[in-house]
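Colleague: I'm new to this one, so could you take me through its empty spaces slowly, beginning with a single cavity and working outwards from there?

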Amino acid sequence: MAKINMRLDKNPMPSQDPNVRNKNFLEVALGYTEEQALDEAARCLNCKNHPCVDGCPVNVRIPEFIAKIVEKDYEGAYQVIHQTSSLPAVCGRVCPQESQCEMHCVRGKKGDPVGIGRLERFVADWHNAHSTEAPEKPQSNGHKVAVVGSGPAGLTCAGDLAKKGYEVTVYEALHLAGGVLVYGIPEFRLPKTIVQKEVDGLKVMGVKVETNTVVGRTITIDELMQEYGFEAVFVGSGAGLPMFMHIPGENLKGVYSANEFLTRINLMKAYREDSDTPIMDLKGKTVAVVGGGNVAMDAARCSKRLGAEVYVVYRRGMEELPARHEEVEHAIEEGVIFKTLNNPVEILGDEQDCVRAMKCIEMELGEPDASGRRRPVPVEGSEFFIEADCAIEAIGQGANKVLLSTFPEMKLNKWGYIEADPVTGATSVPGVFAGGDIVTGAATVILAMGAGKEAAVAIDKYITEKKAAK
Ligand code: FAD
Ligand code: SF4
Ligand code: SF4
């Protein structure tokens, strides 16, 4: 048996220097070397009751894949992960491991947990660099399924159905497939070549991807099922509708929703000089980002890279920031300034109606609210100003509505998301399944992927039973 490494701290992730990376869009985290991966893998105790696996939403068999790393069987490790997760190179980079798998790791009781996400990334990158095995096109079973939306939910559902022989067409509103993975999460956290590889792999398996197609406008679900012959539809249309604070000054020039700001940067490459859809020049300017989640961190770190001084204004404290810890640490290292326990009350403009300042009020934490988190309460008379040229709102997203507004048969919950069976994704409309953010509200990549996986199983069962009943 290999010797256990009882060192308390996890191997640090090699990264670009903060003062270099805050001026470029290249990936920040560089990935473990083989030596570091072997050293980290040796920290795993291979626990019999493997609590880490229960912390992973798709139950990746963590001790098994880590044991394969110890044996230097990296392809074997990849195959173990791939049995339950279709996007390991993505999840190894963006999963909030500290609140999932790693939170349950026994090594975390005294010292750092095993770097499960970092090891997952190492294995996935090793596979992508070394594997020559191309995906094969499975034999068609003659049944057709449509998928609406090409985020992690839609891509996973499409891939799993294609493997079973279904003829799958993915309809995507934007000009590129990948959902938030391409339009939201910046290149410096998740290189787009990784997402493109996944999409290309699906195409090799026979999945058709129709971009620039807004289901509900260009084509309806009824048409897909009645005229195009799809026997089932999976809806994975996400939660990309930005929410606003509804404070005075939101219509000023220089106020963006994080969604628009990030889409322009990530999808439209607004940071390049030759971009067709540039954003305002932020060199030497000040940006105030409102919010404390991953979306706020991404907007802040993008603004920094565009040459701005950046403030993150968040109404709770540092401890309560909902973003992944790593993203907060990276933002601090890159020079983003946190103004926590503060809330904006007004955005002020100049004579040209451009943003000139954000009026904020200090907050303190009161009694816990319904979510169990302590409610932020304004401190009377504590108003102050942050001079800023640009304000970015990252306070949450709602359901994408285009499809739902043209599909009244679909039952929604009180928040406007699709009401679907939590396991199968079955909706109120026979043959229509749903999963990911459009069901749960804004959540995580791995949860969306898990929902797409479950729905693929349910769709297969639905079509098989319907065929048998004929
Ligand atoms: P999405 O990824 O939103 O994909 C939905 C797709 O459907 C989109 O491409 C959209 O254009 C398309 N669509 C919508 N309506 C239609 C229509 N009518 N017709 C055709 N297509 C349509 N999660 C993490 O785990 N870790 C992170 O670090 C993280 N960071 C994030 C950073 C940002 C900026 C954002 C916005 C989210 C982040 N998340 C993160 C959350 C995560 O990305 C989402 O939970 C996940 O992408 C949801 O997947 P999905 O497939 O349900 O939807
Ligand atoms: Fe952890 Fe995410 Fe991998 Fe699951 S998929 S083991 S939560 S990094
Ligand atoms: Fe390894 Fe930690 Fe999982 Fe135990 S809990 S098997 S040490 S990763």
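Modeller: Start with α4, which gives the most to the lining of the second largest cavity, with 3 residues. Keep in mind as you look around that this is a predicted model. α4 covers residues 62-70, and along with α3 (51-55) this helix is one of the elements that supply at least two residues each to that lining. The space inside comes to about 100 Å³. In total 15 residues line the second largest cavity, and nearest its centre you'll find Cys44, Cys47, Cys52, Cys105 and Val114. Sorted by class, the lining has 12 nonpolar residues, 2 polar ones and 1 charged one.

How many cavities of 30 Å³ or more turn up in a search of the whole structure? The search finds 4. As for how such gaps are found, rolling a probe the size of a water molecule over the atoms shows where empty space is left.

Now hop over to the largest cavity, with its volume of about 120 Å³. Its lining is made of 14 residues, and those nearest the centre are Cys56, Cys91, Cys95, Cys101 and Glu120. Two or more residues of that lining come from α6 (88-94), and likewise from α7. The largest share, 3 residues, belongs to α7. By class you get 9 nonpolar, 4 polar and 1 charged.

Hold on to α7, which spans residues 116-130, since this helix also shows up in the lining of the second largest pocket. That pocket holds about 720 Å³ of space. There are 26 lining residues here, and Tyr78, His82, Pro135, Glu198 and Gly201 are the closest to the pocket's centre. Besides α7, the helices α5 (74-82), α8 (152-163) and α10 (192-204) each put in at least two residues. Which of the elements gives the most to this lining? That's α10, with 7 residues. The class split is 10 nonpolar, 9 polar and 7 charged.

One of those pocket helices, α8, takes you on to the strands. α8 lies across β1 (144-148), β2 (167-171) and β4, and runs at about 165° to β2. These strands belong to an open sheet of 5, ordered β3-β2-β1-β4-β16, with parallel pairing. At the edges sit β3 (208-210) and β16 (432-434), each pairing on one side only. Ignoring direction, neighbouring strands in the sheet are turned by 20° against each other on average. If you want to zoom in on one pairing, try β4 (residues 232-235) and β16: they run parallel and are joined by 3 bridges. One spot to click on is phenylalanine 234, whose bridge partner in β16 is phenylalanine 433.

A last stop, back towards the beginning of the chain: aspartate 9 sits in the segment before α1 (18-21). Is aspartate 9 buried or partly exposed? Its relative accessibility is 40%, so aspartate 9 counts as partly exposed, given that the partly exposed range lies between 20% and 50%. Beyond its neighbours within four places in sequence, aspartate 9 is in contact with Arg43 and Asp112. Glutamate 133, by contrast, is 124 residues away from aspartate 9 in sequence and 36 Å away in space, C-alpha to C-alpha.

How values were computed:
Residues numbered from 1 in each chain as written. Chains lettered and ligands numbered in written order. Predicted model: local features only at pLDDT ≥ 70, side-chain atom pairs only at ≥ 80, totals over all residues. Heavy atoms only, no water. 1 Å grid on protein atoms, 1.4 Å probe; cavity = no way out; pocket = protein on both sides within 12 Å on 5 of 7 lines; lining within 4 Å. Points joined across faces, edges and corners; volume = space filled by probe spheres on them. Helix = DSSP H or I, 4+ residues; strand = E, 2+ residues; numbered from the N terminus. Nonpolar A, V, L, I, M, F, W, Y, C, P; charged D, E, K, R; others polar. Pairing = 2+ DSSP bridges. Axes fitted to C-alpha atoms, helices over the stretch in contact; angles between N-to-C directions. Contact = heavy atoms within 4.5 Å. Buried < 20%, exposed > 50% of the residue type's maximum accessible area, 1.4 Å probe, protein only.
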